[in-house]
Amino acid sequence: MEKILVTGGCGFIGTNFIRLLLRERDYKVTNLDALTYAGNPENIRDMEGHPCYTFIKGRIEDHDLVSGLMEGVDAVVNFAAESHVDRSIKNAGPFINTNVLGTQVLLDCFRQAGCSGPFLHVSTDEVYGSLKMEEPPFREDNLLKPNSPYSASKASADLLCRAAWKTFGTPVVITRCSNNYGPYQFPEKLIPLMIINCVEGRRLPVYGNGMNVRDWIYVEDHCKGVLAAMEKGSPGSVYNLGGNCELANIEVVETILRLLGKPRELIEFVKDRPGHDRRYAMDTSRAERKLSWSPEIDFETGMERTVRWYLDHRQWWRRILSGQYRSYYREHYGRGL
Ligand SMILES: NC(=O)c1ccc[n+]([C@@H]2O[C@H](COP(=O)([O-])OP(=O)(O)OC[C@H]3O[C@@H](n4cnc5c(N)ncnc54)[C@H](O)[C@@H]3O)[C@@H](O)[C@H]2O)c1
């Protein structure tokens, strides 16, 4: 494996993944990203000029473009996606275009170019649906029962990957990961949103009663899991990745308040998200056994690093908040200005 096409490398996880690759390996990396509202070329600008890195602006649904880029590529890592559940509830169209059609275009072009593989598809725990508190964590053989347009589009992509493996023998590997946090996360997601609102003295909008449980993983641990799956995963396999760190949303928000020395009174409980999944939890034993991977960063350490990063990179998020995202942010999350 020498040449890798990474999609969505200007987003949160893709940025961290490319940085890991360029730091720890000598693969030639092409980053294909459409630079949607969530894609930020600044994230990775310091890598431009690196002899192993090329950036191409474009969409994964663009068959001609993708087909040309696949020439000489060994592996693909597909991060490109519309990724925010709330936006998928308002308008599912872009989620179907990118997450479903885009993945199929990548699979077709990968096969037509005769790439050796693997085709690593980055998926999510949300494809499994919601767990009751007493149920065991998701395993890779759980049924897919997605509840939001976002998770349904991701589950559809997973099934298209499975079909490519079964029908054509395309060497597909799927990773499904729990909730990530860390540097470069777009400020509409829970943790950066709460950090920023806290720093700015705004209210912290928490859905429902704040008791929805998520498993939290530091983004670098996720990236190492994806790399391990790319290098050691068996074609046709799925690997769950997670932080073994189940927390209610309110506990996450309280951690941020504590780290920033802010009062609990900033919390504002708001109307719950429709179809809000109660709990996600991951059984990661397959990845631990087969990929010799496990998460290394505990939540307290990861959160200290994350809060420090957002404090040290105010210009990064202030530019986002003053750009095209400004009106969406004000409408949805900017109460208490
Ligand atoms: N964030 C999480 O907690 C989490 C957890 C599990 C899985 N995932 C998955 O990981 C992947 C990356 O998530 P993220 O949080 O970094 O998302 P993100 O929204 O921060 O980044 C997505 C990136 O994809 C690009 N993109 C969007 N549509 C595109 C298109 N049509 N063609 C090319 N590029 C396009 C965007 O410009 C952006 O750079 C997604 O597939 C997501 O489903 C995320």
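The paragraphs below go through the ligand site, the helix packing and two backbone details of this predicted model. Local features need pLDDT of at least 70 and side-chain atom pairs count only at pLDDT 80 or more, while totals for chains, interfaces and linings use all residues. Residues are numbered from 1 along each chain as its sequence is written, and side-chain values use heavy atoms, with hydrogens and water left out.

Start with the ligand. It is surrounded by 29 residues, where a residue is near a molecule if one of its heavy atoms lies within 4 Å of it. The closest are D33, E61, S83, Y150 and K154. The shell divides into 13 nonpolar, twelve polar and four charged residues. Here Ala, Val, Leu, Ile, Met, Phe, Trp, Tyr, Cys and Pro count as nonpolar; Asp, Glu, Lys and Arg count as charged; the others, Gly among them, count as polar.

Next come the polar contacts, pairs of N or O atoms within 3.5 Å. The side chain of Y150 places an N or O atom 2.6 Å from an oxygen atom of the ligand. The backbone takes part as well. An N or O backbone atom of F79 lies 3.0 Å from a ligand oxygen atom. For A34, a backbone N or O atom is 3.1 Å from a ligand nitrogen atom. On its own, the ligand has 840 Å² of accessible area, and the protein covers 96% of this. Such areas come from the Shrake-Rupley method with a 1.4 Å probe.

Which elements each supply at least two residues of the shell? They are α1 (12-24), β5 (119-124), α5 (149-168) and β7 (179-181). Strand β5 gives the most, with three residues. Helices (H or I, at least four residues) and strands (E, at least two) are DSSP runs, numbered from the N terminus.

Now the helix packing. Axes are lines fitted to C-alpha atoms, for helices over the stretch in contact, and angles run from 0 to 180 degrees between N-to-C directions. Helix α4 (residues 93-112) packs on α5 at about 15 degrees, with the axes 8 Å apart. The two are therefore roughly parallel, a label for angles under 35 degrees; over 145 is roughly antiparallel, 65 to 115 roughly perpendicular and the rest oblique. Helix α2 (residues 63-70) also packs on α4, at about 40 degrees with axes 9 Å apart. That makes α2 oblique to α4. Elsewhere, the axes of α8 (residues 249-260) and α10 (residues 299-312) come within 11 Å and cross at roughly 60 degrees. So α8 is oblique to α10.

Two backbone details remain. Most residues other than glycine have a negative phi, and most peptide bonds are trans. L35 has a positive phi, near 55 degrees. This residue lies in the loop between β2 (28-33) and β3 (53-57). G117 and P118 are joined by a cis peptide bond, with omega about 5 degrees. P118 is found in the loop between α4 and β5.

Notes
Polar contact = N/O pair within 3.5 Å; in protein donor to acceptor, adjacent residues only side chain to side chain.
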